[in-house]
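Visitor: Please take a close look at a single part of this model, the place where a charged side chain meets an aromatic ring. I would like the surroundings of that contact described as well, with the cut-offs behind each term.

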Amino acid sequence: MADLFWSVATSYAVLSFIGSALVAAFVVGHIPLIGRIPVVGPYVVAARLAAYPLLALLAFLIGVRITDERASLKQAQLDLAFAQLQLDAQKHTAEAAERLRMVAETKAAQANQKVTEYEERLAKQPAGDGCNLDDADVRSLRDIAR
């Protein structure tokens, strides 16, 4: 509710109205020839008295508006800095994931090459009645797994 009050109190419409009233009070209260007009003459003293509180009110409301805008700007800057920090963190994470993917692809290619070499070597061995695998074949299988 307080935000609504200050939003209305510092709106352009309210500030324009107070500024217009201030200009009218200054003109009526401080221009000597205006006081000689019979319709306006009785209001000269009241206009002089009203001009200064209107000036103070206008200055106060403009100060509140400027302060509010500065606070909003500062919050927007903080939000932008936080978003940039998150973006940088995501970029670093993506770079690390890319490096890990490259390492995994390299290891997978090496393992695939070892499997291909092992298959070629097994294909060159003559087929026999029993198991043709020896200790070198078992070591090769273990090396592939590493």
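Guide: The charged end of arginine 65 sits over the ring of tyrosine 12, at 3.9 Å from the ring centre. A charge counts as sitting over a ring if NZ of Lys or CZ of Arg is within 6 Å of the ring centre and within 35 degrees of the ring normal. This is a predicted model, in which local features need pLDDT of at least 70 and side-chain atom pairs count only at pLDDT 80 or more, while totals for chains, interfaces and linings use all residues. Residues are numbered from 1 along each chain as its sequence is written, and side-chain values use heavy atoms, with hydrogens and water left out.

Arginine 65 belongs to helix H3. Helices here are DSSP runs (H or I, at least four residues), as are strands (E, at least two), and they are numbered from the N terminus. With a relative accessible area of 16%, arginine 65 is buried; that word means under 20%, exposed means over 50%, and partly exposed is in between (1.4 Å probe, protein chains only). Leaving aside residues up to four places away in sequence, arginine 65 touches Thr10, Ser11, Tyr12 and Leu15, where a contact means heavy atoms within 4.5 Å.

One of these neighbours, threonine 10, lies in the loop between helix H1 (2-9) and H2. Threonine 10 is buried too, its relative accessible area being 8%. Its contacts, again not counting residues up to four places away in sequence, are Leu15, Leu61, Val64 and Arg65. A polar atom of the threonine 10 side chain also lies 2.6 Å from the backbone oxygen of tryptophan 6. A polar contact is a pair of N or O atoms within 3.5 Å; within protein, one must be able to donate a hydrogen and the other to accept it, and residues adjacent in sequence count only if both atoms are side-chain atoms.

Tryptophan 6 leads on to the ring pairs, of which the structure holds 3. The rings of phenylalanine 5 and tryptophan 6 have centres 5.0 Å apart and planes at 75 degrees, so this pair is edge-to-face. Rings of Phe, Tyr and Trp (its six-membered ring) pair if their centres lie within 6.5 Å; planes under 30 degrees apart count as stacked, over 60 as edge-to-face and the rest as tilted. Phenylalanine 5 is exposed at a relative accessible area of 52%, whereas tryptophan 6 is partly exposed at 34%. Ring pairs join Phe5, Trp6 and Phe60 into a cluster.

Another pair is formed by phenylalanine 26 and tyrosine 52: with ring centres 6.1 Å apart and planes at 65 degrees, the pair is edge-to-face. The two rings link distant parts of the chain, 26 residues apart, with phenylalanine 26 in helix H2 (residues 12-30) and tyrosine 52 in helix H3 (residues 44-124). Both rings are partly exposed, phenylalanine 26 with a relative accessible area of 34% and tyrosine 52 with 49%.

Glycine 41 is placed in the loop between H2 and H3. It is partly exposed, with a relative accessible area of 27%. From C-alpha to C-alpha, glycine 41 and glycine 29 are 9.3 Å apart in space and 12 residues apart in sequence. Leucine 87, in helix H3, lies 60 Å from glycine 29 by C-alpha atoms, at a sequence separation of 58 residues. Alanine 108 is also in helix H3, and its C-alpha atom is separated by 79 Å from that of serine 20, 88 residues apart along the chain.

As for the overall setting, the protein has 4 helices and 0 strands. Its radius of gyration is 43 Å, well over the 15 Å that the globule rule gives for 146 residues, so the protein is more spread out than a compact globule. The radius is taken over C-alpha atoms, and the rule is 2.2 Å times the number of residues to the power 0.38. Along the principal axes, the C-alpha atoms fill a box of roughly 130 × 25 × 15 Å. Buried residues make up 13% of the 146 residues.
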